[in-house]
Amino acid sequence: MGAQSLRVEVLRIGHRPGRDPRLTTHLALAARAMGAARLHLQPGDPAITEHLEDVRRRFGGEFRVEPLKEWRSFLTSWPGTSLHLTMYGEDLDEALPRVPLKEPVLVVVGGAKVPPELYRMATHNVAVTHQPHSEVAALALTLDRLIGTPRGPPPPGARLEILPSARGKRVLERR
Ligand code: SAM
């Protein structure tokens with residue numbers, strides 16, 4: 001599939017501040033690198049929002065982590081399709097052709113415990129394999145299928161640009 005102009009945002013439910021900081025930070029980094037526009041984080045975690053702000057200041061783009069108190073009303077009022085990632089869902093590749101690419105897509109990722117009503121509230125429940133997976137890996141694969149891995153120049157506003165190199169580090173610094 002792959003549609004670079006499609007707007008995709010991510011909703012992470014059940015983050016545990018103080019217990020999951022590294023995992024949720026990695027989820028945010030993967031969402032940003034793979035072209036999502038926002039991570040809505042429930043509950044919010046200022047440390048993760050600030051970490052991603054720092055990444056944005058250096059590497060550019062518009063990605064932000066937004067705190068969210070209540071996910072149900074957010075999901076209900078989402079103006080497009082929602083894809084809940086779960087190993088119990090239908091195959092991602094079978095569901096994708098039914099996802100309209102003109103509406104924004106919300107990819108929903110659970111935490112340690114997933115509220116049962118999420119399964120009926122989401123437009124699609126989709127699996128990236130039917131094995132227990134890492135949410136970071138499942139999200140990255142889903143974004144690759146939906147919008148494709150971003151290529152080309154760094155996002156607007158980047159102060160640092162990594163120059164591809166077979167060996168060592170080459171970094172261009174803009175002032
Ligand atoms: N024990 C939780 C439950 O009640 O389902 C799931 C824990 S799992 C570590 C956390 C999240 O990873 C899930 O909510 C889901 O979003 C994602 N995930 C895990 N395995 C997946 C798979 N095979 N396909 C898609 N997403 C998956």
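This briefing describes the ligand site of the structure above and then a few individual residues. The model is predicted, and the values below are computed from its atoms. In this model 16 residues surround the ligand, and the space that the ligand takes is the second largest pocket. Strand 4, which spans residues 81–91, is among the elements that give two or more residues to the shell around the ligand, and H84 has its place in strand 4 too.

**The shell around the ligand**

- Of the 16 residues that surround the ligand, the closest are L85, V128, T129, Q131 and H133.
- Sorted by class, this shell holds 9 nonpolar, 6 polar and 1 charged residues.
- The ligand occupies the second largest pocket, and the elements that contribute two or more residues to the shell are strand 4 (81–91), strand 6 (124–127) and helix 6 (135–147).
- Strand 4 supplies the largest share of the shell, with 3 residues.

**Backbone contacts and burial of the ligand**

- An oxygen atom of the ligand lies 3.2 Å from a polar backbone atom of G110.
- For T129, a backbone N or O atom is 3.0 Å from a nitrogen atom of the ligand, and for Q131 a polar backbone atom is 2.7 Å from a nitrogen atom of the ligand.
- Taken alone the ligand would expose 580 Å², and the protein buries 77% of that area.

**T129, a residue of the shell with a positive phi**

- T129 is one of the closest residues to the ligand, and it is found in the loop between strand 6 and helix 6.
- Although T129 is not a glycine, its phi is positive, at about 70 degrees.
- Most residues other than glycine have a negative phi.
- T129 counts as partly exposed because its relative accessibility of 46% falls between the cut-offs of 20% and 50%.

**H84 and its polar partner**

- H84 is located in strand 4, and its side chain is joined to the side chain of N125 by a polar contact of 2.8 Å.
- With a relative accessible area of 1%, H84 is under the 20% cut-off and is therefore buried.

**The cis peptide bond at P43**

- The peptide bond that joins Q42 and P43 is cis, with an omega of about -10 degrees.
- P43 belongs to the loop between strand 2 (38–42) and helix 2.
- Most peptide bonds are trans.

**Pairs of residues compared in sequence and in space**

- L11 is found in strand 1, residues 8–13, and it is buried because its relative accessible area of 0% is under 20%.
- L11 and H40 are 29 residues apart in sequence, and their C-alpha atoms are 4.7 Å apart in space.
- A36 lies in the loop between helix 1 (21–33) and strand 2, and its relative accessibility of 7%, being under 20%, is why A36 counts as buried.
- A36 and I13 are 23 residues apart in sequence, with a separation of 16 Å from C-alpha to C-alpha.
- F59 is found in helix 2, residues 46–59, and it counts as partly exposed because its relative accessibility is 25%, between the cut-offs of 20% and 50%.
- F59 and S73 are 14 residues apart along the chain, while their C-alpha atoms are separated by 32 Å.

Key. Residues are numbered from 1 along each chain as its sequence is written. This is a predicted model: local features need pLDDT of at least 70, side-chain atom pairs count only at pLDDT 80 or more; totals for chains, interfaces and linings use all residues. Side-chain values use heavy atoms; hydrogens and water are left out. A residue is near a molecule or strand if one of its heavy atoms lies within 4 Å of it. A polar contact is a pair of N or O atoms within 3.5 Å; within protein, one must be able to donate a hydrogen and the other to accept it, and residues adjacent in sequence count only if both atoms are side-chain atoms. Accessible areas come from the Shrake-Rupley method with a 1.4 Å probe; for residues, only the protein chains shown count as cover. On a 1 Å grid over the protein atoms alone, a cavity is a set of points where a 1.4 Å probe fits but cannot get out, and a pocket is an open set with protein on both sides within 12 Å along at least five of seven lines; lining residues have an atom within 4 Å of a point. A molecule sits in a cavity or pocket if more than half of its atoms lie within 2 Å of its grid points. Helices (H or I, at least four residues) and strands (E, at least two) are DSSP runs, numbered from the N terminus. Ala, Val, Leu, Ile, Met, Phe, Trp, Tyr, Cys and Pro count as nonpolar, Asp, Glu, Lys and Arg as charged, and the others, Gly among them, as polar. Buried means under 20% relative accessible area, exposed over 50%, partly exposed in between (1.4 Å probe, protein chains only).
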